[in-house]
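User: Please take one buried residue of this model and look closely at its surroundings. Then follow the contacts outward, and explain each step in plain terms.

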Amino acid sequence: MGVPQAMEALRERAALVRESLQKSQTITESMVSILGSFDHRLSALETAMRPTQIRTHSIRRAHENIDKTLKAAETILAQFDLTRKAEAKILRGPHEDLESYLEAIDQLRSSIQYFSNHKSFQSSDGILNHANNLLSKAISKLEDEFRTLLTNYSKPVEPDRLFDGLPNSLRPSATSPGKQGDLGSKNHSENQKKLENAVYTPPTLIPPRVLPLLHDLAQQMVQAGHQQQLFRIYRDTRASVLEQSLRKLGVERLSKDDVQKMQWEVLEAKIGNWIHYMRISVKLLFAGEKKICDHILDDIDSLRDQCFAEVTANSVAVLLSFGEAIAKSKRSPEKLFVLLDMYEIMRELHSEIEFLFGSKSCIEMRESAQSLTKRLAQTAQETFVDFEEAVEKDATKTAVLDGTVHPLTSYVINYVKFLFDYQSTLKQLFQEFDDGDGDVDGDAQLTNITTRIMQALQINLDGKSKQYKDPALTQLFLMNNIHYIVRSVRRSEAKDLLGDDWVQIHRRIVQQHANQYKRISWAKILQCLTIQGAAPSSGGGGGLLGGDTGSGVSRAMVKDRFKTFNVQFEDLHLRQSQWTVPDSELRESLRLAVAEVLLPAYRSFIKRFGPMIENGKNPGKYIRYRPEDLERMLSEVFEGKTWNEQKR
């Protein structure tokens with residue numbers, strides 16, 4: 001095919017394309033025209049239907065509003081119905097059915113909350129005013145019910161019920177209602193150990209079934225903003241009952257002046273009772289009060305601690321004030337042991353007091369108890385010092401005429417023995433005054449105190465011994481008293497602290513006084529049984545006579561010696577039979593020591609010079625006693641006989 005033909009074919013195709021495009025344009029314009037007419041029709045239709053749509057929407061909204069209104073009306077009517085029912089229960093009062101009454105108050109609060117949130121309703125203000133007035137009356141009745149319920153079930157606890165809560169060892173005995181049970185006859189240290197594991201059972205102050213009701217009432221009062229009314233009702237009711245319980249038990253308020261005026265026997269009994277009352281109060285009464293306070297005012301922390309503090313405040317003050325009065329009263333030795341007893345009970349109750357009165361509201365009572373404990377410890381320690389000085393300076397003029405153990409000695413020794421019953425207490429007491437370095441050695445402190453008291457006693461005894469005109473009786477007095485001290489120490493716990501060396505040193509002192517007594521009493525009479533310068537006889541014989549014989553000795557001289565011996569021995573026998581050596585072993589050993597010196601000398605003298613008298617006139621006038629007679633008469637000395645007894 002040539003070029004011309006190709007060009008022709010191309011023109012034909014172009015013509016076909018142009019024709020096709022023209023047809024497509026025509027079709028497009030027709031479609032646009034058709035669609036335009038549809039748009040016009042739809043707009044007209046929409047304009048025609050708009051009123052119908054508006055009416056339909058309004059009807060739908062009206063239906064919705066009607067539904068909402070009906071539902072709101074139902075809710076309001078339900079609230080009205082619930083409020084009416086609650087009002088009926090409230091008007092009946094809480095006595096018939098307290099639980100329903102409390103439910104009615106909760107419902108009334110719910111209704112008040114509902115109407116407060118829907119104040120747009122007509123008459124909502126009137127409804128709220130009515131409901132609030134009704135709630136106020138309901139709470140007022142609740143207060144009355146709480147007061148009535150608490151008062152009716154709050155009764156003073158009789159002493160017998162309190163005693164039932166004590167361990168057996170602390171219960172008053174049937175024979176002595178005012179005294180503690182098994183403790184009276186036991187050793188003090190054993191009693192303390194026994195009490196460490198004792199079980200106490202606090203009394204039921206309010207029946208358990210009533211406590212939940214009181215708790216619910218308290219909760220309602222707090223929700224109503226009546227905390228102060230609740231506080232006053234609870235405090236006044238329970239505080240009064242607690243104080244009545246203590247009065248029934250025997251607790252009384254005593255001032256320092258009251259204490260000072262009391263006879264010691266009366267005061268000592270009251271202190272013993274106070275120790276008992278403290279234990280009962282803390283472990284039973286206060287513990288019981290804490291339990292019911294925690295239950296009734298549970299979840300009301302702001303009131304709970306304050307109520308307990310106010311309920312117990314006056315009772316605690318009365319109890320502690322007596323302790324303070326004793327601690328501040330005039331010190332005297334006999335008060336030391338009751339001070340230690342009082343200190344012990346405060347230490348024993350320390351952990352309970354810290355637990356019961358651990359809140360901020362109770363800080364004053366807690367600090368008062370701590371202060372009393374310190375004060376008792378301080379007064380006890382000062383009494384130690386007073387006692388030591390009193391022993392050393394005791395100026396009792398009442399002399400023991402027979403040279404026996406002085407009352408001061410037995411008093412001091414018994415005092416020291418009692419001290420050792422309080423060893424653990426004393427060690428605690430010493431630590432009260434620890435400077436904080438922790439180096440206080442309780443044993444060393446007790447040893448130091450005991451040693452000083454013993455030294456003070458010996459100094460005083462030395463002074464009292466000088467009252468005797470007879471130096472032999474002076475030695476006998478010191479021998480008796482030091483021996484009593486040594487024997488008492490050896491038989492007590494004091495021996496472990498003072499040590500064997502102390503005992504041995506003082507036993508030697510006893511022996512020294514015994515030797516001095518023998519020398520002073522019997523040296524002079526033994527001289528009657530010696531005649532200086534006499535030549536020895538063939539019969540022999542030695543000892544105190546120095547080998548004297550009858551040769552060169554006149555009968556008159558021998559008679560004079562026998563007469564002098566008789567007078568002196570009778571005088572010694574008469575006087576020393578009135579003297580006393582109370583310890584039987586010491587008495588026998590002293591008699592034996594005298595007999596071992598006197599009897600051999602007398603036998604020897606009679607053997608050598610007796611024949612000179614026996615061969616003359618009236619030998620019985622001079623040789624009045626055989627050795628056996630002297631031995632019998634020596635067995636009569638140190639018995640403390642009166643002159644009339646000796647005559648008989």
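Analyst: A residue and its surroundings

Leu150 sits in helix H3, which spans residues 124-152. The model is a predicted one, and every value below is computed from it. Leu150 counts as buried because its relative accessibility is 0%, and the limit for that class is under 20%.

What does Leu150 touch, apart from residues up to four places away in sequence? The list is Ile206, Leu214, Ile233, Tyr234, Thr237, Arg238 and Ile296. Leu211 gives a distance to set beside this list: Leu150 and Leu211 are 61 residues apart in sequence, while their C-alpha atoms are 9.2 Å apart in space. For the protein chain as a whole, 80% of the contacts between residues at least 6 apart in sequence join residues at least 24 apart. The chain has 648 residues, of which 42% count as buried, and it has 23 helices and 0 strands.

Two of the residues touched by Leu150, Tyr234 and Arg238, lead to the next step. Both belong to H7 and take part in its contact with H10. Two packed helices are described by the angle between their axes and the distance between the axes. The axes of H7 (residues 227-249) and H10 come within 8 Å and cross at roughly 30°. The crossing of H7 past H10 is right-handed. On the H7 side, the contact includes Phe231, Tyr234, Arg235, Arg238, Leu242 and Glu243, and on the H10 side it includes Leu303, Cys307, Glu310, Val311 and Asn314. By class, the residues of this contact are 9 nonpolar, 5 polar and 4 charged.

Asn314 shows one end of this contact in detail. Asn314 is in H10. Is Asn314 buried, partly exposed or exposed? With a relative accessible area of 35%, Asn314 is partly exposed, since that class lies between the 20% and 50% limits. Leaving aside neighbours within four places in sequence, Asn314 is in contact with Glu243 and Arg253. Glu243 is one of the H7 residues that meet H10. Ser240 lies 74 residues from Asn314 along the chain, and the C-alpha atoms of these two are separated by 9.6 Å.

H10 (301-328) also leads to a cavity. The structure holds 1 cavity of 30 Å³ or more, and the volume of the largest cavity is about 80 Å³. Which helices each supply at least two residues of the lining of the largest cavity? They are H9 (264-296), H10 (301-328) and H13 (363-393). Among the lining residues are Met278, Val282, Phe286, Val316, Leu319, Leu320, Met365 and Ala369. The lining has 10 nonpolar residues, no polar ones and 1 charged one. Arg366 is also in the lining, and arginine is counted as charged.

The loop between H9 and H10 holds Asp299. Most residues other than glycine have a negative phi. The phi of Asp299 is near 70°, a positive value in a residue other than glycine. Asp299 counts as exposed because its relative accessibility is 60%, and the limit for exposed is over 50%.

Asn618 can be set beside Asp299. Asn618 lies in the loop between H20 and H21 (619-622), and its phi is near 45°, again a positive value in a residue other than glycine. With a relative accessible area of 54%, Asn618 is exposed.

H20 (584-614), which comes before that loop, gives two or more residues to the lining of the second largest pocket, as do H17 (471-490) and H18 (494-527). The volume of this pocket is about 460 Å³. Its lining has 18 residues, and those nearest its centre are His483, Arg507, Asp583, Glu585 and Leu586. By class, the lining of the second largest pocket divides into 6 nonpolar, 5 polar and 7 charged residues.

A second buried residue gives something to set beside Leu150. Asn460 is in H16 (residues 442-465). At 6% relative accessibility, Asn460 counts as buried, because the value is under the 20% limit. Apart from residues up to four places away in sequence, Asn460 touches Val391, Glu392, Lys393, Asp394 and Leu408.

Notes:
Residues numbered from 1 in each chain as written. Predicted model: local features only at pLDDT ≥ 70, side-chain atom pairs only at ≥ 80, totals over all residues. Heavy atoms only, no water. 1 Å grid on protein atoms, 1.4 Å probe; cavity = no way out; pocket = protein on both sides within 12 Å on 5 of 7 lines; lining within 4 Å. Points joined across faces, edges and corners; volume = space filled by probe spheres on them. Helix = DSSP H or I, 4+ residues; strand = E, 2+ residues; numbered from the N terminus. Axes fitted to C-alpha atoms, helices over the stretch in contact; angles between N-to-C directions. Left-handed = near helix turned anticlockwise from the far one by under 90°. Contact = heavy atoms within 4.5 Å. Buried < 20%, exposed > 50% of the residue type's maximum accessible area, 1.4 Å probe, protein only.
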